[in-house]
Amino acid sequence: MEDCFLRKITFIFIIYATYISLGLPDPLLGIAWPEMVGEFNVAHSAAGLISMTIAICTVISSLSTMRINKKFGTGKLVLGSVLLTVIGLIGFAFTQNFLLLIVCALPLGFGAGAIDTSVNDYVAANFKAHHMNWLHAFWGVGATLGPVIMGVVLNNQFSWRNGYFIIGGIQIVLAIILF
């Protein structure tokens, strides 16, 4: 009985950690863009292209999640989606070209949409309703911590790239836990 309780608590912790990590990258572009814009020599409005790319991919991914989930299962889908966000975040950290930044936005959006939809579905089907509230509260924790991490990086005179790399590293740790 105690083993079952411990397993359930550990599992819900992993689900909440997944949602914290889902929120981490969402506000980063807004924090880092004033630094990024000069490096890429583009207009300030070019951030909209990146945001739209992420949003469109998130919607496409969300609409496809149930079909993919039936084929692979929630666990593999979430792990693969976290790995997609890692690719996007690390890609942001390393790219030297604005067009490649847009390319890196693709896996970031696809990963986020699938994580959001599949974990929401799983929690709604397998846990009490209050867990859905907590789930989204933990997204808020991530959406708060992302700018804090990027702010600390920028305040200490490091490149915005380091902030994306750190958030990508956190996502890698989550992928290892999920594996």
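Me: What phi does Gln157 take, just after α6?

Reply: In this predicted model, Gln157 has a positive phi of about 65°, and its place is just after α6.

Me: Let's stay with α6 itself. How do you know that its length agrees with what a helix of 26 residues should span?

Reply: Helix α6 covers residues 130–155. The expected span is 1.5 Å times one less than the number of residues, so for these 26 residues it comes to 38 Å. The end C-alpha atoms of α6 are 38 Å apart, and therefore the two values agree.

Me: Which residues of α6 are called buried, and what makes them so?

Reply: The buried ones are His131, Leu135, Gly142, Ala143, Gly146, Pro147, Met150 and Val153. They earn the word because buried means under 20% relative accessible area.

Me: And what do the buried residues of α6 pack against?

Reply: They pack against α1, α2 (28–40), α5 and α7. Contact here means heavy atoms within 4.5 Å.

Me: Now for a single residue. Why is Ser64 called buried?

Reply: Ser64 sits in helix α3. Its relative accessibility is 18%, and the cut-off for buried is under 20%, so Ser64 counts as buried.

Me: What makes the pair Ile60 and Ser64 a polar contact?

Reply: A polar atom of the Ser64 side chain lies 2.9 Å from the backbone oxygen of Ile60. The limit for such a pair is 3.5 Å, so 2.9 Å falls within it.

Me: On to the empty spaces. How do you find where they are?

Reply: Rolling a probe the size of a water molecule over the atoms shows where empty space is left.

Me: How much space lies in the largest pocket, and which residues are closest to its centre?

Reply: The largest pocket holds about 300 Å³. Its lining has 19 residues, and Pro25, Asp26, Ile54, Thr58 and Ala112 are the closest to the centre. Helices α1 (2–23), α3 (47–72), α4 (74–94), α5 (98–126) and α7 (160–178) each give two or more residues to this lining. The largest share, five residues, is from α3.

Me: What classes of residue make up that lining?

Reply: There are 12 nonpolar, five polar and two charged residues.

Me: What about the second largest pocket: how many charged residues line it?

Reply: None: its lining has seven nonpolar and three polar residues, and no charged ones. This pocket has a volume of about 210 Å³. Among its lining residues are Phe11, Thr18, Gly75 and Tyr122. Helix α1 gives the largest share, four residues.

How values were computed:
Residues are numbered from 1 along each chain as its sequence is written. This is a predicted model: local features need pLDDT of at least 70, side-chain atom pairs count only at pLDDT 80 or more; totals for chains, interfaces and linings use all residues. Side-chain values use heavy atoms; hydrogens and water are left out. On a 1 Å grid over the protein atoms alone, a cavity is a set of points where a 1.4 Å probe fits but cannot get out, and a pocket is an open set with protein on both sides within 12 Å along at least five of seven lines; lining residues have an atom within 4 Å of a point. Grid points are joined across faces, edges and corners, and a volume is the space filled by probe spheres set on the points. Ala, Val, Leu, Ile, Met, Phe, Trp, Tyr, Cys and Pro count as nonpolar, Asp, Glu, Lys and Arg as charged, and the others, Gly among them, as polar. Buried means under 20% relative accessible area, exposed over 50%, partly exposed in between (1.4 Å probe, protein chains only). A polar contact is a pair of N or O atoms within 3.5 Å; within protein, one must be able to donate a hydrogen and the other to accept it, and residues adjacent in sequence count only if both atoms are side-chain atoms.
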